[in-house]
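Reader: I would like to go through one protein model by question and answer. Please show it to me before we begin.

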Amino acid sequence: MGDLEIRPVTTNDVPAIVAMLADDPLGAQRESPDDLSPYLAALERLNGDPNQLLRVAERDGRVVGTLQLTIVPGLSRKGATRSIIEGVRIHADERGSGLGTQLIEWAIEESRRQGCSLVQLTSDASRTDAHRFYERLGFTASHVGFKLAL
């Protein structure tokens, strides 16, 4: 396998990212790879916000992973800044290769660089393999998450 580059997302990356988002039972129900316009609009919003770091992992010219890192300043924890990792996806051909670990380690290091004192993420309750993966990387299941669809 060739060298890995973790870099900002461009509009050319969107089809590959959406394909990865849709390539699992949950994503297949909520993603629409046939219409990229909402994803392109979202990318424009994300690129306009310096606290949003949307990245792809590229190997040999091919997008093989992605994640979003959000930097959140706050008052709690003595005015701490935290980061939130979202939308982690690894191409099916790369799963089990260590790429996921590399992406999460990048996000943790970038969070440190940004002055964060805490990194957090959520994972759908059905993703038990992902839960074990995050626990191996030192994350703890310390909270219960709630969502409200609007």
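The questions below go from the sheet to the cores and then to one helix.

Author: This is a predicted model, in which local features need pLDDT of at least 70 and side-chain atom pairs count only at pLDDT 80 or more, while totals for chains, interfaces and linings use all residues. Residues are numbered from 1 along each chain as its sequence is written, and side-chain values use heavy atoms, with hydrogens and water left out.

Reader: In what order do the five strands of the open sheet lie?

Author: Helices (H or I, at least four residues) and strands (E, at least two) are DSSP runs, numbered from the N terminus. Two strands pair if DSSP finds at least two bridges between them. The edges, which pair on one side only, are strand 1 (4-8) and strand 5 (118-121). Pairing in this open sheet is mixed, and the order is 1-2-3-4-5.

Reader: In which sense do strand 4 and strand 5 pair?

Author: Strand 4 covers residues 81-90. Ile85 stands opposite Leu121 in strand 5. Over four bridges, the sense of pairing between strand 4 and strand 5 is parallel.

Reader: Which helix gives the most to the largest nonpolar core?

Author: A nonpolar core is a set of buried Ala, Val, Leu, Ile, Met, Phe, Trp, Tyr and Cys residues joined through side-chain atoms within 4.5 Å. Buried means under 20% relative accessible area, exposed over 50%, and partly exposed in between, with a 1.4 Å probe and protein chains only. The largest core has 19 residues, and those with the most contacts inside it are Leu67, Leu69, Ile85 and Ile104. With six residues, the one that gives the most to this core is helix 5.

Reader: Why are the buried residues of helix 3 on the same side?

Author: In helix 3 (residues 37-47), the buried residues are Tyr39, Ala42, Leu43 and Leu46. They are on the same side of helix 3 because the arc they cover around the axis, taken from the directions from the helix axis to the C-beta atoms, is only 105°.

Reader: Which residues are exposed on the other side of helix 3?

Author: The buried residues of helix 3 have a cover that includes helix 1, strand 2 and strand 3. On the other side, the exposed residues are Glu44 and Arg45.

Reader: What is the relative accessible area of Ala22?

Author: Ala22 lies in helix 1. Leaving aside neighbours within four places in sequence, Ala22 is in contact (heavy atoms within 4.5 Å) with Gly27, Ala28, Glu31 and Pro33. Ala22 is buried, and its relative accessible area is 18%.
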